[in-house]
Amino acid sequence: MSLDPLAILTAFGLIFLAELPDKTMFASLAMGTRMRPLYVWFGTSTAFIVHVVIAVGAGSLLGLLPGMLVKLVSAALFAFGAFVLLRSGGDDEDEEGGGKTVTGFWPVYGTAFTAVFISEWGDLTQITTANLAATNGWLSTAIGSAAALMSVSALALLVGRFIAQRVPLKTVQRIGAVCMAGLAIWTLVEAFTG
């Protein structure tokens with residue numbers, strides 16, 4: 001159980017890019033306009049941590065399978081991730097405006113936690129985290145993935161409007177897709193040469 005800085009950075013980079021154009025970022029942004037941003041961040045972060053634990057557990061079980069099989073499955077999952085990112089429309093649907101402001105820590109926390117917890121099941125970032133845990137170790141993957149997800153939530157709450165106005169989400173999706181495709185090819189090469 002050692003920390004691998006490269007695995008942490010890999011998990012952080014991939015998960016960060018995959019989560020940026022995700023609807024969860026827009027949900028955080030929308031909640032932050034009607035609720036106290038720090039409370040929203042605590043709720044979303046807790047939900048992300050729960051999902052990272054679930055994904056890392058699933059990835060650790062994958063790690064018990066024969067090495068070549070794990071690498072082939074990982075390559076297929078990375079390729080699927082690239083495909084999903086390229087096929088995503090990048091449509092940033094506006095949330096209905098003028099909603100009621102929710103106050104108080106527990107109502108805001110509960111709303112943010114529930115929204116993210118439900119929406120992240122089977123999400124690309126959860127699949128990617130499980131995939132990385134199977135090949136790069138659970139602890140480094142968990143740290144990198146959780147930090148990326150919590151960072152995206154904080155970014156959405158702090159400067160989400162700036163990003164939505166200035167950086168086309170299709171560009172972010174394409175960068176993420178290229179990274180995923182590169183990892184799919186790299187993992188496939190490792191499966192047959194390693």
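Reader: Which residues of α5 are buried?

Author: This is a predicted model, where local features need pLDDT of at least 70, side-chain atom pairs count only at pLDDT 80 or more, and totals for chains, interfaces and linings use all residues. Residues are numbered from 1 along each chain as its sequence is written, and side-chain values use heavy atoms, with hydrogens and water left out. Buried means under 20% relative accessible area, exposed over 50%, and partly exposed in between (1.4 Å probe, protein chains only). In α5, a helix being a DSSP run of H or I of at least four residues, numbered from the N terminus, the buried ones are V108, Y109, A112 and V116.

Reader: Within what arc do the buried residues of α5 fall, seen down its axis?

Author: An α-helix has 3.6 residues a turn, so residues three or four places apart point the same way. The arc is taken from the directions from the helix axis to the C-beta atoms. The buried residues of α5 line one face of the helix, because they fall within an arc of 100°.

Reader: And which exposed residues sit on the face of α5 turned away from its buried side?

Author: That face of α5 carries two names to look up in your viewer: W106 and I118.

Reader: How far apart are the end C-alpha atoms of α5?

Author: The expected span is 1.5 Å times one less than the number of residues. Helix α5 (residues 105–119) has 15 residues and so should span 21 Å. The model agrees, with its end C-alpha atoms apart by 21 Å.

Reader: Is T129 buried or exposed?

Author: T129 is found in helix α6 (residues 124–136). Contact means heavy atoms within 4.5 Å, and leaving aside neighbours within four places in sequence, T129 is in contact with I15, V52, A55, V56, T141 and S145. Its relative accessibility is 1%, so T129 counts as buried.

Reader: What is the C-alpha to C-alpha distance between A58 and T129?

Author: A58 lies in helix α3 (residues 37–62) and, because its relative accessibility is 38%, counts as partly exposed. A58 and T129 are 71 residues apart in sequence, but in space their C-alpha atoms are apart by 9.2 Å.

Reader: Which helix gives the most to the largest nonpolar core?

Author: A nonpolar core is a set of buried Ala, Val, Leu, Ile, Met, Phe, Trp, Tyr and Cys residues joined through side-chain atoms within 4.5 Å. The largest has 17 residues, and L149 is one of those with the most contacts inside it. α1 (5–19), α2 (23–34), α3 and α7 (138–166) each supply at least two residues. With six residues, the top contributor is α7.
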